[in-house]
Amino acid sequence: MLNKKITINIIGLVAMSMAFSGCAKTALTEKAPTADSGQDYLVTMTRPNNLVLVDLETNKVINECKIDESFSPGGVILAPDYKTAYIIGGFGEEIAGYEIDTCKKVFHTSLTQGDIKGQTLSGLAVSEDSKKVYVIYNRTKMGLDRYTVLDPMFSVYDVKDGLDAKEVKSFVIPRQMTEISTAYDGTVFGIGSALYEINPNTGDIKVVKKIVGWDRKGYSDADSAGNYLIGQQQGDFSTLYATLKYEDPDVPSEDGTWYWGITSVDLRTKEVTQVEFTEYETLMFTAIRSPNDSNILYGSLNDLSKFDIKNQKVLNRITLDHTYYSVVPSPDGSKLYVGGCLDDITVYDEATFEKLGKIHLSGDMGAAAMQIFHK
């Protein structure tokens, strides 16, 4: 059990280590085999400017695209048609799309317009028909003698507008929203100080679950963070939170037990879950549910853990070779891929946590997400 001050300090150190991690190597650009049907693949990014396609049958990189945008912060999301990967580049000011087989650049927009700087950390999603790109971003008016903070925005782009795309629709969103994902019926969910349901056509936004200020009897306010673009292919949108369960539910104090919890959306059904699943006995950076059993949750940072959510049990845990910021299951749920740090991804058997192999990349992943799909 950790007190809140220690927790915040540790999370801060983890964030700093992620921001400054760097083991970039010289990447190669070659015409490579394309992603054939009937196999599993993984898309991610590496420094200095590579979009990477991995064949998960051989655990080999089969295509590495040089992108025009600088690597920062490494956000990448795969369109549901599995043809185009959209990246966040240029220190969060640019969005671009590249065909994963051919490396052809098919989409680009700049969130910065004139003296209004726009930036996003991980606020990127694609519509279920792969025709629209959604971005949430913060805006600042860059004056000669002052910076003025403006309202954050949700903007919609048409993919067919290509390399000089402009937003076709924009509307103001609540502050502190950091990440979005698209449900299978087209609804967009956003996470931040609350879980929001967003209609990208009308701009209607409603709170689905409170996080900050949830006013839950017997518990402290939750600390929550969502900044990894994982889970779209698995139908899951989950973010972690930490909360203190008071020893005396009627007397808020620092005495009690810290718990990990998740605020989660099943993107297939839109079922929302917000529940504690284990005591705060290990650090985690991301969590994702099994594609086969929504009661099973995996988390990673310095170790890889498997949880029974309903029974609040740790089913398995191993220490990892080094820090890995994210874990993603294979489409059939039989394997786990841990990555998002340095230049390798390790593969584990889901049932036994036996190490099955490593995927070696040509550069550091930084904070890049992993998009795993079956084509």
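# Reading strands, bridges and a cavity

Guide: Let's start at one spot: in the hairpin of β6 and β7, where 5 residues sit between the strands, cysteine 103 takes a positive phi near 70°. Keep in mind as we go that this is a predicted model.

Visitor: Okay. How many bridges pair β6 with β7, and in which sense?

Guide: β6 and strand β7 (residues 105-110) pair over 5 bridges, in the antiparallel sense. For one pair to look up, take alanine 96, whose bridge partner in β7 is histidine 108.

Visitor: And what is the bridge partner of isoleucine 87 in β6?

Guide: That's alanine 96. Isoleucine 87 takes us to strand β5 (residues 84-89), which pairs with strand β6 (residues 94-99) in the antiparallel sense over 6 bridges. The hairpin of β5 and β6 has 4 residues between the strands, and there glycine 90 takes a positive phi near 55°.

Visitor: Back to cysteine 103. Which cysteine forms a disulfide with cysteine 103?

Guide: Cysteine 65 does, and the two sulfur atoms are 2.2 Å apart. The pair joins distant parts of the chain: cysteine 65 belongs to strand β3 (residues 60-66), cysteine 103 lies in the loop between β6 and β7, and 38 residues separate them. A search of the whole structure finds 1 disulfide.

Visitor: Is that disulfide of cysteine 65 and cysteine 103 left-handed or right-handed, and why?

Guide: Look at the torsion about the S-S bond: it is about -80°, so the disulfide is left-handed.

Visitor: Are cysteine 65 and cysteine 103 buried or exposed?

Guide: Check each one's relative accessibility against the cut-offs: buried means under 20%, exposed means over 50%, and partly exposed is in between. Cysteine 65 counts as buried because its value is 1%. Cysteine 103 has 22%, so it counts as partly exposed. Another one to try is cysteine 341, which counts as buried because its value is 6%.

Visitor: Let's move on to a whole sheet. What is the strand order in the open sheet that holds β22 and β25?

Guide: The order is β22-β23-β24-β25, an open sheet of 4 strands with antiparallel pairing. β22 (286-289) and β25 (313-319) are the edge strands, each pairing on one side only. On average, neighbouring strands here are turned by 20° against each other, direction ignored.

Visitor: Can you walk me across it?

Guide: Sure! β22 and strand β23 (residues 296-300) pair in the antiparallel sense over 4 bridges, with arginine 289 having leucine 297 as its bridge partner in β23. Next, β23 and β24 pair over 5 bridges, again antiparallel. They form a hairpin with 2 residues between them, and serine 300 has leucine 304 as its bridge partner in β24. Then 6 bridges join β24 to β25, which run antiparallel; one pairing to find is serine 305 with arginine 317 in β25. The hairpin of β24 and β25 has 4 residues between the strands, and glutamine 312 takes a positive phi near 50° there.

Visitor: Which way do the side chains of β24 point?

Guide: Here's the general idea: in a regular strand, side chains alternate between the two faces of the sheet. In β24, Asp303, Ser305 and Phe307 point one way, while Leu304, Lys306 and Asp308 point the other way, and all are buried. Since 6 of the 6 residues of strand β24 (residues 303-308) are buried, the strand is largely enclosed by the rest of the structure.

Visitor: What is the order of the open sheet with β18 and β21?

Guide: It goes β18-β19-β20-β21, an open sheet of 4 strands with antiparallel pairing. β18 (223-225) and β21 (272-279) are at the edges with a single partner strand each, so one side of each has no neighbour in the sheet. From one strand to the next, the twist averages 25°. Strand β20 (residues 256-266) is joined to β21 by 7 bridges, and the two run antiparallel. Look there for tyrosine 259 opposite glutamate 279 in β21.

Visitor: Last thing: how many cavities of 30 Å³ or more are there?

Guide: The general trick is that rolling a probe the size of a water molecule over the atoms shows where empty space is left. Here the count is 1 cavity of 30 Å³ or more, and the largest cavity has a volume of about 40 Å³.

Visitor: Which residues line the largest cavity?

Guide: Ile77, Glu179, Ile180, Ser181, Tyr228, Leu229, Ile230, Gln232 and Phe237. By class, that lining has 6 nonpolar, 2 polar and 1 charged residues. Strand β14 (residues 179-182) gives the most to it, with 3 residues.

Definitions and conventions. Residues are numbered from 1 along each chain as its sequence is written. This is a predicted model: local features need pLDDT of at least 70, side-chain atom pairs count only at pLDDT 80 or more; totals for chains, interfaces and linings use all residues. Side-chain values use heavy atoms; hydrogens and water are left out. On a 1 Å grid over the protein atoms alone, a cavity is a set of points where a 1.4 Å probe fits but cannot get out, and a pocket is an open set with protein on both sides within 12 Å along at least five of seven lines; lining residues have an atom within 4 Å of a point. Grid points are joined across faces, edges and corners, and a volume is the space filled by probe spheres set on the points. Ala, Val, Leu, Ile, Met, Phe, Trp, Tyr, Cys and Pro count as nonpolar, Asp, Glu, Lys and Arg as charged, and the others, Gly among them, as polar. Two strands pair if DSSP finds at least two bridges between them. Axes are lines fitted to C-alpha atoms, for helices over the stretch in contact, and angles run from 0 to 180 degrees between N-to-C directions. A disulfide is a pair of cysteine sulfur atoms within 2.5 Å. Buried means under 20% relative accessible area, exposed over 50%, partly exposed in between (1.4 Å probe, protein chains only).
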